[in-house]
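Please look through the structure below with the sequence at hand, and follow the paragraphs as they move from a single residue out to the whole chain.

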Amino acid sequence: MMGTTMRTMMRSLIVALVVVGAAFGQTPEADRVQTLEKQLERQRHLINDWGGLTRYGSEDSELPPVRAGEKRVVFFGDQITELWGSDEPEFFRGKPWLNRGIAGQTSSQMLVRFRQDVVSIDAKAVVILAGTND
């Protein structure tokens with residue numbers, strides 16, 4: 001349940017988005033409403049999971065233990081890191097490498113999930129790309 005302060009903040013955000021959208025006047029009303037709803041949903045998600053812990057939480061918990069001699073590497077970062085796997089999936093295929101990039105994340109958000117997405121999965125090395133969104 002959202003508290004009074006949170007509801008007030010959400011209403012203020014909606015009003016601000018409507019004012020900004022109206023100022024530009026570039027889209028029809030239905031498109032503007034749809035755009036605002038998408039922006040509101042992103043804001044709700046950030047309020048509920050600011051650090052992005054739900055993004056890879058299930059995958060992390062289902063990882064098999066590191067095999068003897070295996071050196072698990074985590075590629076940890078923002079949207080640039082996230083795209084590495086989608087552009088060239090063979091880069092990660094068959095290797096003990098895990099992509100843990102989340103588009104739009106700041107360094108402080110990455111710190112929130114570092115223990116979950118790197119330390120707790122017994123990574124031997126981590127490649128960090130941070131600061132782009134700071």
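In this predicted model, A125 has a relative accessible area of 35%, and it is therefore classed as partly exposed, since buried residues fall under 20% and exposed ones over 50%. A125 belongs to strand 3, and, leaving aside residues up to four places away in sequence, A125 touches R72, V73 and V74. R72 is 53 residues away from A125 along the chain, yet the C-alpha atoms of the two are separated by 6.8 Å. As for the pairing within the sheet, the residue that stands opposite A125 is V73.

That pairing leads from strand 3 to strand 1, which covers residues 73-77 and runs parallel to strand 3, with 5 bridges joining the two. Another of the pairs links F76 with I128, its bridge partner in strand 3. Strand 1 also pairs with strand 2, again in the parallel sense and over 5 bridges, and here F75 stands opposite N99 of strand 2. Between these two strands the chain passes through helix 4, and the resulting β-α-β crossover is right-handed.

Taken together, the three strands form an open sheet in the order 2-1-3, with parallel pairing. Strand 2 (97-101) and strand 3 (125-129) stand at the edges, and because each has a single partner strand, one side of each is left without a neighbour in the sheet. From one strand to the next, the twist averages 15°. Helix 4, made up of residues 79-87, lies across strand 1, strand 2 and strand 3, and runs at about 135° to strand 2.

How much of strand 1 is buried? Of its 5 residues, 5 are buried, so strand 1 is largely enclosed by the rest of the structure. The cover extends to both faces of strand 1, with V73, F75 and G77 buried on one side and V74 and F76 buried on the other.

Two of these residues, V74 and F76, also belong to the largest nonpolar core, which has 6 residues and is completed by L98, M110, V118 and I121. The surroundings of V74 can be followed in more detail, for, not counting residues up to four places away in sequence, V74 touches L98, R100, D117, V118, I121, A123, A125, V126 and V127. A125, where this account began, is thus one of the residues in contact with V74.

It remains to place these parts within the whole protein. The protein contains 5 helices and 3 strands, and, read from the N terminus on, its elements run α-α-α-β-α-β-α-β. Among the contacts with a separation of 6 or more, 70% are between residues 24 or more positions apart. Of the 134 residues in the protein, 26% are buried, while the accessible surface comes to about 8900 Å², with 59% of that area belonging to carbon and sulfur atoms.

Methods: Residues are numbered from 1 along each chain as its sequence is written. This is a predicted model: local features need pLDDT of at least 70, side-chain atom pairs count only at pLDDT 80 or more; totals for chains, interfaces and linings use all residues. Side-chain values use heavy atoms; hydrogens and water are left out. Two strands pair if DSSP finds at least two bridges between them. Helices (H or I, at least four residues) and strands (E, at least two) are DSSP runs, numbered from the N terminus. Axes are lines fitted to C-alpha atoms, for helices over the stretch in contact, and angles run from 0 to 180 degrees between N-to-C directions. Contact means heavy atoms within 4.5 Å. Buried means under 20% relative accessible area, exposed over 50%, partly exposed in between (1.4 Å probe, protein chains only). Accessible areas come from the Shrake-Rupley method with a 1.4 Å probe; for residues, only the protein chains shown count as cover. A nonpolar core is a set of buried Ala, Val, Leu, Ile, Met, Phe, Trp, Tyr and Cys residues joined through side-chain atoms within 4.5 Å. A crossover is right-handed if, with the strands pointing away from the viewer, the path from the first strand over the helix to the second runs clockwise.
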